[in-house]
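Please open the model in a viewer and keep the sequence panel visible beside it. The tour below proceeds by selection, one stop after another.

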Amino acid sequence: MEELYRNPLLTIALSILALLMIGNSGIQLYMLNCPPILIEKDLTGTHVAYGFVGAAGYSLGPLIYLNPTTEPTRYCVLRHEYQHYMQSALLSPLLFSIAYSFDEFILGHDYHENWFEIDAQRAEKDLISFKVFDWNLKKLVEINPP
């Protein structure tokens, strides 16, 4: 067994794996206890899942990026992305990415058949209020249905 620990490649690989797991757990801990960080910016030319360019919004771990838009559309997009935030918080960012990719690449589901997208589209209509930290305003903001 000591021969395995003397192998520098194995030691480096195990260290990277441990750091990845610690980082994943740390981000998940943040996401389970804190609101998402909202960043409003022009998303024209942005490539996201399924290759869409210029999406209305997308979430990446604790961050939600939103294309500036009108109020009714803003709530809908934010609620959709907030649902992805909650999915990722429950599963962990790493497991969520793996499951989302599995549904897309292994099962071959397109955007409208993806389990996570179906759940997020359902959530758009539940009209709940939720809080986000608005990065542009540097304050906590409550998002209410229109």
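What follows is a sequence of selections in a predicted model, each with a description of what is found there.

**First stop: the nonpolar core**

Begin by selecting Leu38, Leu78, Phe130 and Ile143. These residues have the most contacts inside the largest nonpolar core, which has 14 residues. Next, colour the elements that each supply at least two residues of this core: β3 (63–66), α3 (71–91), β4 (130–134) and β5 (139–143). Which of the elements gives the most to this core? The answer is α3, with six residues. In soluble globular proteins, nonpolar side chains tend to be buried together.

Now keep Leu38 alone and display its surroundings. Leaving aside neighbours within four places in sequence, Leu38 is in contact with Ile64, Leu66, Arg74, Leu78, Val132, Phe133, Asp134, Trp135 and Asn136. Apart from the core just visited lies another one, of five residues, with Ile37, Ile39, Leu43 and Tyr58 among them.

**Second stop: the aromatic residues**

Select the aromatic rings, where the count comes to eight aromatic pairs. In one of these, Tyr75 and Phe130 have ring centres 6.2 Å apart and planes at 45 degrees, so the pair is tilted. Tyr75 belongs to helix α3 and Phe130 to strand β4, so that, with their positions 55 residues apart, the pair links distant parts of the chain. Are these two residues buried or exposed? Tyr75 counts as buried at 3% relative accessibility, and Phe130 counts as buried at 5%.

Add Tyr82 and Tyr85 to the selection. Their rings form a stacked pair, 6.0 Å centre to centre and with 20 degrees between the planes. Tyr82 and Tyr85 are three residues apart in helix α3, and are therefore separated by about one helical turn. Both Tyr82 and Tyr85 are buried. With the four residues displayed together, one aromatic cluster is in view: Tyr75, Tyr82, Tyr85 and Phe130.

**Third stop: helix α2**

Select residues 8–33, which make up helix α2. At 1.5 Å a residue, the 26 residues of this helix should span 38 Å, and the end C-alpha atoms are 38 Å apart, which agrees. At the start of α2, a side-chain oxygen of Asn7 reaches to within 3.0 Å of the backbone nitrogen of Leu9. Then show Asn24, Gln28 and Met31, which are buried in α2. What do the buried residues of α2 pack against? They pack against α3 and α4.

**Fourth stop: helix α5**

Move to residues 115–123, helix α5, and display Phe116, Glu117, Ala120 and Ala123, the buried residues of this helix. They cover an arc of only 120 degrees around the axis, which puts them on the same side of α5. The buried residues of α5 pack against α3 and α4 (93–106). At the start of α5, a side-chain oxygen of Asn114 reaches to within 2.8 Å of the backbone nitrogen of Phe116.

From here, turn to Gln87, whose place is in helix α3. Gln87 counts as buried, because its relative accessibility is 9%. Residues up to four places away in sequence aside, Gln87 touches Phe96, Phe116, Asp119 and Ala120. Two of these contacts, Phe116 and Ala120, are listed among the buried residues of α5.

**Fifth stop: the loops**

Select Ser92 in the loop between α3 and α4. Most residues other than glycine have a negative phi, and most peptide bonds are trans. Phi of Ser92, however, is near 95 degrees, a positive value in a residue other than glycine. Ser92 counts as buried, because its relative accessibility is 6%.

Another positive phi is found at Lys138, where the value is near 60 degrees. Lys138 has its place in the loop between β4 and β5.

Finish at Asn67, in the loop between β3 and α3. Asn67 is buried, with a relative accessible area of 18%; the cut-off for buried is under 20%. How far apart are the C-alpha atoms of Asn67 and Gly57? They are separated by 5.8 Å, although the two residues are ten residues apart along the chain.

Technical notes
Residues are numbered from 1 along each chain as its sequence is written. This is a predicted model: local features need pLDDT of at least 70, side-chain atom pairs count only at pLDDT 80 or more; totals for chains, interfaces and linings use all residues. Side-chain values use heavy atoms; hydrogens and water are left out. A nonpolar core is a set of buried Ala, Val, Leu, Ile, Met, Phe, Trp, Tyr and Cys residues joined through side-chain atoms within 4.5 Å. Buried means under 20% relative accessible area, exposed over 50%, partly exposed in between (1.4 Å probe, protein chains only). Helices (H or I, at least four residues) and strands (E, at least two) are DSSP runs, numbered from the N terminus. Contact means heavy atoms within 4.5 Å. The arc is that of the directions from the helix axis to the C-beta atoms. A polar contact is a pair of N or O atoms within 3.5 Å; within protein, one must be able to donate a hydrogen and the other to accept it, and residues adjacent in sequence count only if both atoms are side-chain atoms. The expected span of a helix is 1.5 Å times one less than its number of residues. Rings of Phe, Tyr and Trp (its six-membered ring) pair if their centres lie within 6.5 Å; planes under 30 degrees apart count as stacked, over 60 as edge-to-face and the rest as tilted.
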